[in-house]
Amino acid sequence: MATEDETPSQPDITAMLKAQTGACEAARDAIAAGGEVMLYDGQPPQWMVLGIAATRLKRSLKIGLTTLGLDETVEILGALHRDEHLRTGNIVAADRSWFFTLYFDATGTELLACSGVKNERPSRDDGQKLQL
């Protein structure tokens with residue numbers, strides 16, 4: 001078990017991936033299949049992390065990317081106190097088909113949410129031009 005000064009190890013991350021969002025099972029499967037886990041030491045404030053997740057959701061929907069748990073993650077992060085600090089991490093699937101983001105409390109000992117974005121070409125529904 002990790003203390004406040006330690007970052008959780010990969011087996012701890014796998015155990016933490018319960019049912020926080022719809023992406024957690026897929027993220028756990030990605031680790032089991034050899035996905036790369038990266039945890040970050042920084043502790044950005046909730047409002048910053050929420051802004052990034054909300055922008056990722058909006059952009060993914062706009063360009064037609066497949067997401068898992070990103071809408072749930074935005075809700076979970078939005079319910080936290082604005083001044084709360086969080087830790088984040090990523091899981092990249094071994095075949096690079098999915099990119100998962102993990103959201104922890106400031107100590108890194110409680111996983112709050114996880115989201116996934118499929119690595120795919122954006123769709124061009126109805127012949128619309130992709131605007132970046």
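**View 1. A nonpolar patch sits on the surface of this predicted model.** Trp47, Met48 and Ile52 make up the patch, and together they offer about 290 Å² of accessible area. Trp47 belongs to helix α3. Is Trp47 buried or exposed? Neither label quite fits: its relative accessibility is 41%, so Trp47 counts as partly exposed.

**View 2. Five strands line up in an open sheet.** Reading across, the order is β1-β3-β4-β5-β2, and the pairing is antiparallel. At the edges are β1 (36–39) and β2 (67–68); each has a single partner strand, so one side of each has no neighbour in the sheet. As for what holds such an arrangement together, strands of a sheet pair through backbone hydrogen bonds.

**View 3. Helix α3 packs on the sheet.** This helix covers residues 46–63 and touches β2, β3 (86–92), β4 and β5. Its direction makes about 155 degrees with that of β4.

**View 4. β4 and β5 form a hairpin.** Here β4 (residues 98–105) runs antiparallel to β5 (residues 111–118), and the two pair over 7 bridges. Look for Leu102, which stands opposite Cys114 in β5. Between the two strands come 5 residues, and in this turn Gly108 has a positive phi of about 80 degrees.

**View 5. Strand β5 also pairs with β2.** These two are joined in the antiparallel sense over 2 bridges. Which residue of β5 is the bridge partner of Thr67? That would be Val117. As for cover, β5 is mostly tucked away, with 7 of its 8 residues buried.

Technical notes
Residues are numbered from 1 along each chain as its sequence is written. This is a predicted model: local features need pLDDT of at least 70, side-chain atom pairs count only at pLDDT 80 or more; totals for chains, interfaces and linings use all residues. Side-chain values use heavy atoms; hydrogens and water are left out. Two strands pair if DSSP finds at least two bridges between them. Helices (H or I, at least four residues) and strands (E, at least two) are DSSP runs, numbered from the N terminus. Contact means heavy atoms within 4.5 Å. Axes are lines fitted to C-alpha atoms, for helices over the stretch in contact, and angles run from 0 to 180 degrees between N-to-C directions. Patches are made of residues with over 30% relative accessible area and no salt bridge: like charges are joined within 9 Å, nonpolar side chains (Val, Leu, Ile, Met, Phe, Trp, Tyr) within 5 Å. Accessible areas come from the Shrake-Rupley method with a 1.4 Å probe; for residues, only the protein chains shown count as cover. A salt bridge is a side-chain nitrogen of Lys or Arg within 4 Å of a carboxyl oxygen of Asp or Glu. Buried means under 20% relative accessible area, exposed over 50%, partly exposed in between (1.4 Å probe, protein chains only).
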